[in-house]
Every structure is written in C-alpha cells, then in structure tokens.
Amino acid sequence: MNRAAMTASQKDFENAMNQVKLLKKDPGNEVKLKLYALYKQATEGPCNMPKPGVFDLINKAKWDAWNTLGSLPKETARQNYVDLVSSLSSSLESSSQVEPGTDRKSTGYETLMVTSEDGITKITLNRPAKKNAINVEMYHEIMRALKAASKDDSSITVLTGNGDYYSSGNDLTNFTDIPPGGVEEKAKNSAILLREFVGCFIDFPKPLIAVVNGPAVGISVTILGLFDAVYASDRATFHTPFSHLGQSPEGCSSYTFLKIMGPAKATEMLVFGKKLTAGEACAQGLVTAVFPDSTFQKEVWTRLKAFAKLPPNAMRISKEVIRNREKEKLHAVNAEECSVLQERWLSDECMNAVVNFLSRKSKL
Ligand SMILES: CCCCCCCCCCC/C=C/C(=O)SCCNC(=O)CCNC(=O)[C@H](O)C(C)(C)COP(=O)(O)OP(=O)(O)OC[C@H]1O[C@@H](n2cnc3c(N)ncnc32)[C@H](O)[C@@H]1OP(=O)(O)O
C-alpha cells in the first residue's frame, strides 16, 4: 500500500475493495452500510439518488448511509474507506497477507478509529451518523486513546472527525441515562468525568493537533484552546452555544479563549453563542491555518508528516517549556468550570433546552 501520502491513492482504494472480498468474517450490516456509503461517495460524490420509499427498507438504509456523508470530498471518502477496510482487516483477520511496514491500527474502540503511522497517531471521532456527538463511551475512549498515544512511539497526535462534522459536541442523550441516585448523582458523576476528560488534554505531553474537517460545536471547540495547533477546512465553523443550552463554558475556555482572543471576542462566543467561520476563528487566533475543503486533507497531512519527522524529544520538551507554567492554573480553571456546570445541569434552563432538542423542537 502506498503510504507516501496520508490521502489514499486510487490504487490504495482498489486494493481496499479487493481486501473487502477476502474478509473471512461478515463485518455486520452497520459496517457494510458504512462501506457502501464511502464507496459511493468516493466514486460518485454526494448522494444523488431519489430517496426510496419508507417500505423499501434496504435501499432506504443505503440511501440514509450515503446521504449522511453530505458534501464529504471524494478523496476523504476514499481515505476513510481505506482506513475502515484496514481496521477491519486487522480485527476480522483478512485471509490476505497484511503488508509489512510501520502502519499500526488500534482496534477495540467502538466510537473511534485510531491509527499510527509515519510518526503520527491519528484519533478519529467515528460516529458520523450522529455528527460525532460525544457520548459517555466516547469520552472514555478518547481518554484511553490519548493515554496510549502519550506512551506510544509516535511524535505527534492528531484528533479529527469522520464524516461531514468534526463534532457536534456533547451527545445530548447523555442527559437521559439517569441512575437510581437521581439527576443530582448523574450531574456529580458527569462533572467528575468532564474534569478527568479535560485534564487529559491539559496534561498531554506531545504536540497535539486538531484537524477540523467540518463544523465543531460545544466541547469540541472549547478544548481547542488546549491544542498546540488547529488546522481547519474552510467548511468548518466554531460554535459554543452554552447560553442557548442553559449551560456555561468548559474545556478551560473561560481562561484560554480570553487569552487567545481577548475578553470582547471571547464573550461573543462563550456568552452570546456567536458562531465563527473558520476564517474568523483564524483571525482571532483559535485556528492556526485554514485550507480550502477540496485540498484540505492533502495539504494538512503533507504538513503534519513533515512535522512528525522533527526530533520528537525536542518537540516534547519545547511543548513542556511553552505549556508547563500554565498547567496548575488550567487544572484549577477546569475544576471550577466543572463545579459551575454541575449546578447548571440541574437548572430548568438546561433541562428545557435538552428536552427541546431531544423532542426535536430545536436545533442550533
Ligand atoms: C444531568 C447531567 C448530565 C450531563 C452530562 C454531560 C457530560 C459532559 C458535558 C460536557 C459539556 C459539553 C457541552 C457541549 O458540548 S454543548 C453542545 C451540545 N451540542 C449541541 O447542542 C448540538 C445539538 N445538535 C444540533 O443542533 C444538530 O444536530 C446539528 C446542528 C449539530 C446538526 O444538524 P443537522 O440538521 O445537520 O443534523 P441532525 O440534527 O439531523 O443530526 C443527525 C443525527 O445526529 C444527532 N445529533 C447531532 N448532534 C447531536 C448531539 N450533540 N447529541 C445527540 N445527538 C446528536 C441528531 O439527533 C440526528 O440523529 P437521528 O438521525 O437519530 O435523528
């Protein structure tokens, strides 16, 4: 397989199509639908079929899967197809030989795809049908993947999203699974989870880069202040509608955003929920660079592959020098934000906003 570029070539794509035929075990309907959708998107572009009738169940499922990919570029779909097949080949034991090389894929994740190659560990949020909303399982898996990446032999770590969204933020169905101890216990446990989650980003020791492939909402935006570089497609938007949701800022954004963009611009985002375009987010210092969506993957991965060749210890130590004096402060901010949120989650304002979304009365 050609690993010279992080975007898959036509040859990689054809190899992957052949590999699918050699899988010994059936990967299941959900995966087959994903493969179908990525194949169609890679070869034909956005869904162009009329929507099948409700009783045409199979074609309706296929149409839904393809349509969910929205305007995902053909080359991204091709890469995602190759990545998916590659992860299946390792988890389901393809009967073909796995090619030797430095490429490693981590299985055992339900909500992520994690790959490691060319000195880069890539963590991909992988719930495209839910716009990569972060459910409780994904919070835990991201922490697990970050902990593994901090110890593996890669030089840099990348977080990105599969599908047309980077992430729609916290999965609002997280509010529905109330334990016997009631909503107070749920809020308390969620604050502990959130604090640990954000803590992993504060403490991450290697260069951490966000490849923001599409719109980003809520916590997926706020933690960007803890990344070392943020590259965005010009399709990406950055939205933190906390007041609309009866909530308050997290991810240390009440501190990092003020430092990055100053109080006036930070207030527009964090208090008034102003949605920024990628260009605006770049002008305000939240984003490092913006690329046209059509060349986004190619340009970003070329750049990242060059970074990953730099001496890893020097990069790690430089990050330490830049970030360490702020760590204590960031942990204190994180603790305070979580404790304020614990109260907010119990408020009528928050409950009503969540109920409105879940009963499909409102969207952002
Ligand atoms: C008691 C206390 C419990 C607390 C638990 C909290 C734990 C930690 C919390 C940390 C704090 C984080 C805060 C945030 O991140 S705030 C931001 C939350 N996000 C949102 O409010 C976004 C909601 N989504 C939308 O408004 C729209 O879906 C969106 C604009 C993103 C896209 O709209 P579009 O029309 O393009 O697509 P759909 O709405 O049809 O979406 C497709 C399917 O995906 C589901 N979806 C999307 N986003 C979410 C989400 N955030 N949570 C849950 N589900 C989501 C959507 O429902 C569709 O699903 P179906 O196809 O099944 O209908």
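**View 1. The shell around the ligand in this predicted model**. The ligand is surrounded by 28 residues. Lys130, Ser168, Asn170, Leu172 and Lys363 are the closest. By class, the shell holds 15 nonpolar, 6 polar and 7 charged residues. Helix α6, residues 182-203, gives the most to this shell, with 4 residues.

**View 2. Polar contacts to oxygen atoms of the ligand**. Two residues reach ligand oxygen through backbone N or O atoms: Asn170 at 2.8 Å and Ile219 at 3.0 Å. Asn170 is also one of the closest residues to the ligand. Arg360 uses its side chain instead, with an N or O atom 2.9 Å from an oxygen atom of the ligand. On its own, the ligand has 1,200 Å² of accessible area, and the protein covers 83% of that.

**View 3. The length of helix α10**. Helix α10 runs over residues 296-307, which makes 12 residues. At 1.5 Å a residue, α10 should span 16 Å. The C-alpha atoms at its ends are 17 Å apart, so the model agrees with the expected span.

**View 4. The two sides of helix α10**. Phe296, Gln297, Val300, Trp301, Leu304 and Lys305 are the buried residues of α10. These residues cover an arc of only 135° around the axis, so they lie on the same side of the helix. An α-helix has 3.6 residues a turn, so residues three or four places apart point the same way. Lys298 and Thr302 are exposed on the other side of α10.

Technical notes: Residues numbered from 1 in each chain as written. Predicted model: local features only at pLDDT ≥ 70, side-chain atom pairs only at ≥ 80, totals over all residues. Heavy atoms only, no water. Near = heavy atom within 4 Å. Polar contact = N/O pair within 3.5 Å; in protein donor to acceptor, adjacent residues only side chain to side chain. Areas by Shrake-Rupley, 256 points an atom, 1.4 Å probe, with all protein chains shown as cover. Nonpolar A, V, L, I, M, F, W, Y, C, P; charged D, E, K, R; others polar. Expected span 1.5 Å × (residues − 1). Buried < 20%, exposed > 50% of the residue type's maximum accessible area, 1.4 Å probe, protein only. Arc of directions from axis to C-beta.
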